[in-house]
Amino acid sequence: MKNVFKILGIVCISLLMSCNSEPSLQKYFVDHQGDVDFIAVDVPSSLLDKETVKLNEEEKEALESIKKVNFLALPLNDNNEIRFEEESVAINKILSSEKYETLMRFGSNGAKVVLKYQGEEDDIDEVIVFATDQKKGLALIRVLGDNMRPEKMVKLAQSVEKGKIDLDAFKMIGETISDNIGD
């Protein structure tokens, strides 16, 4: 009987030691949603006005696969430059995990954007957009969905970048950021 308890004890200790203590993106969002320095917005897919947007078939499929969008931003001001750097490092550390695949990177004029995803190539669970701007701050966006495909999400992101998609739900986010940056 003593041997059984010893074996159970060793198994329990092994399990506890093997638990992944790395920070997760989900935990980062939860920890920072109530933070007064951050802007946090959750947008369910029902708020995405899919009827008025003119998209090609691939873009429509990509938009339809989205279930929810989580948005978190830290507007940069004179009082939080150090925190901006710390939070950028923390997010980059989370996103450097092997579970996230890089979809694309781009940047210009002091702004950097990286698109990553988690899941299989033909069935993405989430797309992550992390943007930093040395004058405006940082933004972290999680797009959660079903059957999201990288190539379609890239085309959807390019449509947004070109201004082809005008989603009213995101106008509020932009206005909120502008208001907070202007403070």
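In the predicted model, strand E5, which spans residues 123-133, is largely enclosed by the rest of the structure, because eight of its 11 residues are buried, that is, each of those has under 20% relative accessible area.

The pairing of E5 with two other strands was examined next. With strand E4 (residues 111-120), E5 pairs in the antiparallel sense over 10 bridges, and the two strands form a hairpin in which two residues lie between them. With strand E6 (residues 137-148), the pairing of E5 is likewise antiparallel and runs over nine bridges, and this hairpin has three residues between its strands. Ile124 of E5 illustrates both pairings, since Gly119 stands opposite Ile124 on the one hand, while Met148 in E6 is the bridge partner of Ile124 on the other.

Both E5 and E6 also contribute to the largest nonpolar core, each supplying at least two of its residues. This core comprises 18 residues, of which Ile66, Val127, Val143, Met148, Met153 and Leu156 touch the most other members; Met148 is thus among these residues as well as being the bridge partner of Ile124. Contributions of at least two residues each come, in addition, from strand E1 (39-44), helix H3 (57-64), strand E2 (66-75) and helix H5 (150-161), and the largest share, amounting to four residues, is that of E2. A second core, separate from the largest one, is made up of 17 residues and includes Tyr28, Phe29, Leu74 and Leu76.

Empty space was considered as well, since rolling a probe the size of a water molecule over the atoms shows where such space is left. The second largest pocket holds about 220 Å³ of space, and among the 14 residues that line this pocket, Asn92, Lys112, Val113, Phe130 and Thr132 are the closest to its centre. The hairpin strands E4 and E5 each supply at least two residues of the lining, as do helix H4 (81-95) and strand E3 (101-108), although H4 gives the most, with four residues. In terms of residue class, the lining of the second largest pocket consists of six nonpolar, five polar and three charged residues.

Taken together, strand E5 is a shared element of these descriptions: E5 pairs with E4 and with E6, supplies at least two residues of the largest nonpolar core, and supplies at least two residues of the lining of the second largest pocket.

Methods:
Residues numbered from 1 in each chain as written. Predicted model: local features only at pLDDT ≥ 70, side-chain atom pairs only at ≥ 80, totals over all residues. Heavy atoms only, no water. Buried < 20%, exposed > 50% of the residue type's maximum accessible area, 1.4 Å probe, protein only. Pairing = 2+ DSSP bridges. 1 Å grid on protein atoms, 1.4 Å probe; cavity = no way out; pocket = protein on both sides within 12 Å on 5 of 7 lines; lining within 4 Å. Points joined across faces, edges and corners; volume = space filled by probe spheres on them. Nonpolar A, V, L, I, M, F, W, Y, C, P; charged D, E, K, R; others polar. Core = buried A, V, L, I, M, F, W, Y, C linked by side-chain atoms within 4.5 Å.
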